[in-house]
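Please work through the exercises below with the sequence and the coordinates open. Each one sets a task and then solves it in steps.

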Amino acid sequence: MLLREAVYYDAAGLKRLASEGEPYKAGGDSTMSEAVRTMLQTNAEAVQEAAALADAGFLWDFWYPAVRSAEIRGQKLVTAMLLEVPLVIGRTSEGKAFAMRDSCPHRGIPLSYGRLDGTVVECCYHGWRFDACSGRCVEIPSLTSQDKLKVERIFAGHFPCEECDGYVWVYMSGPGTQLPETVPAAPALNVFSDKYKIIHLSCELPSHVDHGIIGLMDPAHGPFVHQSWFWRKRASIHEKAKQFEPIPNGFRMSPHQPSANSAPYRLLAKMTGETVTTAIDFVLPNLRTEIDRSGKLWFSSRATVTPVRRDLCRIDFVAAWNLPIPVAVFRPFAKKFLRQDQLTMIQQAEGLKYNPRLMLIDDADRQAKWYFALKANLLESRRTGAAMVHPMNGPVTLHWRS
Ligand code: FES
Ligand SMILES: [Fe+2]
């Protein structure tokens, strides 16, 4: 008898049960003890799962936003998925956010069905208890005084977790990789005064994260997808030249005067009577930040595209500003903008189902090319241990019409 059904991924990345396709034969040897068989099976699953995850085109060992901070309150356990890893997230009685793999190391039942008791998560099945901040097992209720099992050597899957800008960020360390000695800090939004307004928006896209990201940095879709009275008119398309420079793990659209045909920028210039400058950065794995400044006024935003599964990603958009614009006025505009992108991605996903051949053209898609090159070069440098080669050798001016 198999102690639990084996799970594997087929070529299409779908999770299937062993009974549907015979991925391995851990139960073939009748002399093998049940415990050994289970261990082998678990190892085989881990190897297969790691291989499947490695293929999904995710970038491990980075911070990703999992849920909004406001969602974790009291003793509530919240679930999330990042990079196809199911997570259970909560807050200890001291207020510290934590993220564990939503799977009990005993028999795999989601820990989120259990309960949080101060600093300990208790599994609903046999009551094993785990320290929420380290994942370390602290109690197995079925053990007697005769048992020699070292409870403290058992760990539930556990990930570094930080709160920043109203999000719970989880550092997704890759399967089988060691955490660095010091995990870098989670990314923080740039703000330039003590008082400011802030909004958070998010939407899901039925696409692989790569499509979400190249959609985010695509200058040519603006006049078509975001056509509206307050932003761009199709007739206003004109030729642009933008300077880009390499930055660590990414590239920067060098500070410049934004396009004169955008109403918000005209507004900003009118308010201060000074020039407006804009700087836009893209940094691996998924961050696009934009800073607009004019005199004392500023507007700062960040969009991240986070892989949930290989066929689903989520845009989290946060913006802060000290301009005299109420949240209630800005929010509907931002929402509409995001909704326009979301609709386009839903339509694109319809076409992508049939694996069409795709094109990236110069110069409008050059940023997408840099993204793919940055990603490939990062993975290569991690594989070889050599320094990462940046795909840009220096500043470049790109030309396109938008
Ligand atoms: S499955 Fe969690 S304690 Fe047994
Ligand atoms: Fe867009």
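The exercises go from the whole chain to its helices, and then to single residues and the backbone of this predicted model.

**Exercise 1. The chain as a whole**

Task: State how many helices and strands the chain has, and what share of its residues is buried.

Solution.
- Step 1. Counting elements gives six helices and 21 strands.
- Step 2. Of the 402 residues in the chain, 46% are buried.
- Step 3. Contacts can also be sorted by sequence separation. Among those with a separation of 6 or more, 58% are between residues 24 or more positions apart.

**Exercise 2. The surroundings of helix 2**

Task: Decide whether helix 2 is largely enclosed or largely open, and name what its buried residues pack against.

Solution.
- Step 1. List the buried residues of helix 2: Val209, Asp210, His211, Gly212, Ile213 and Ile214.
- Step 2. These are six of the eight residues of helix 2, so the helix is largely enclosed by the rest of the structure.
- Step 3. Look for the packing partners. The buried residues of helix 2 pack against four strands and two helices, namely strand 14, strand 17 (277–283), strand 19, strand 20, helix 5 and helix 6.

**Exercise 3. Helix 2 against helix 6**

Task: Describe how helix 2 and helix 6 are packed, giving distance, angle, handedness and the residues that meet.

Solution.
- Step 1. Two packed helices are described by the angle between their axes and the distance between the axes.
- Step 2. For helix 2 (residues 209–216) and helix 6 (residues 366–384), the axes come within 9 Å and cross at roughly 140 degrees.
- Step 3. Assign the orientation. Roughly antiparallel would need an angle over 145 degrees, and helix 2 and helix 6 are therefore oblique to each other.
- Step 4. The crossing of helix 2 with helix 6 is right-handed.
- Step 5. From helix 2, Asp210, Ile213 and Ile214 take part; they meet Ala368, Tyr371, Phe372 and Lys375 of helix 6. Sorted by class, this contact has five nonpolar and two charged residues, and no polar ones.

**Exercise 4. Helix 5 and one of its buried residues**

Task: Compare the span of helix 5 with the expected span, and then place Gln342 within the helix and its surroundings.

Solution.
- Step 1. Helix 5 covers residues 327–352, which is 26 residues. From first C-alpha to last it reaches 36 Å, close to the 38 Å expected at 1.5 Å a residue.
- Step 2. The buried residues of helix 5 are Phe330, Ala334, Leu338, Gln340, Asp341, Gln342, Met345 and Ala349.
- Step 3. Their cover includes strand 14 (197–205), helix 2, helix 3 (222–225), strand 19 (297–309) and strand 20 (312–321).
- Step 4. Gln342 of helix 5 has a relative accessible area of 14% and is buried. Leaving out residues up to four places away in sequence, Gln342 touches Cys203, Glu204 and Leu205.

**Exercise 5. Two partly exposed residues**

Task: For Lys76 and Val138, give the location and the contacts.

Solution.
- Step 1. Lys76 sits in the loop between strand 3 (62–68) and strand 4 (78–82). With 42% relative accessibility, Lys76 counts as partly exposed.
- Step 2. Beyond four places in sequence, Lys76 touches Glu71, Ile89, Gly90 and Leu116. Arg115 is 39 residues from Lys76 in sequence, with the two C-alpha atoms 8.0 Å apart.
- Step 3. Val138 belongs to strand 10 (residues 137–139) and, at 44% relative accessibility, counts as partly exposed.
- Step 4. Beyond four places in sequence, Val138 is in contact with Val120, Arg129, Phe130, Asp131 and Val151. Val138 and Val120 are 18 residues apart in sequence and 8.4 Å apart from C-alpha to C-alpha.

**Exercise 6. Backbone exceptions**

Task: Find where cis peptide bonds and positive phi values occur, and locate the residues concerned.

Solution.
- Step 1. Most residues other than glycine have a negative phi, and most peptide bonds are trans.
- Step 2. Leu284 and Pro285 are joined by a cis peptide bond with omega about 5 degrees; Pro285 lies in the loop between strand 17 and strand 18 (287–294).
- Step 3. Asp362 and Asp363 are also joined by a cis bond, with omega about -10 degrees. Asp363 is in the loop between helix 5 and helix 6.
- Step 4. Asn355 is found in the loop between helix 5 and helix 6. Its phi is near 45 degrees, and Asn355 is exposed at 68% relative accessible area.
- Step 5. Leu83 has a positive phi of about 50 degrees. Leu83 lies in the loop between strand 4 and strand 5 (85–91) and is buried, with a relative accessible area of 0%.

Notes:
Residues are numbered from 1 along each chain as its sequence is written. Chains are lettered from A and ligands numbered from 1 in the order in which they are written. This is a predicted model: local features need pLDDT of at least 70, side-chain atom pairs count only at pLDDT 80 or more; totals for chains, interfaces and linings use all residues. Side-chain values use heavy atoms; hydrogens and water are left out. Axes are lines fitted to C-alpha atoms, for helices over the stretch in contact, and angles run from 0 to 180 degrees between N-to-C directions. Angles under 35 degrees count as roughly parallel, over 145 as roughly antiparallel, 65 to 115 as roughly perpendicular and the rest as oblique. A crossing is left-handed if the near helix is turned anticlockwise from the far one by less than a right angle, and right-handed if clockwise. Contact means heavy atoms within 4.5 Å. Ala, Val, Leu, Ile, Met, Phe, Trp, Tyr, Cys and Pro count as nonpolar, Asp, Glu, Lys and Arg as charged, and the others, Gly among them, as polar. The expected span of a helix is 1.5 Å times one less than its number of residues. Buried means under 20% relative accessible area, exposed over 50%, partly exposed in between (1.4 Å probe, protein chains only).
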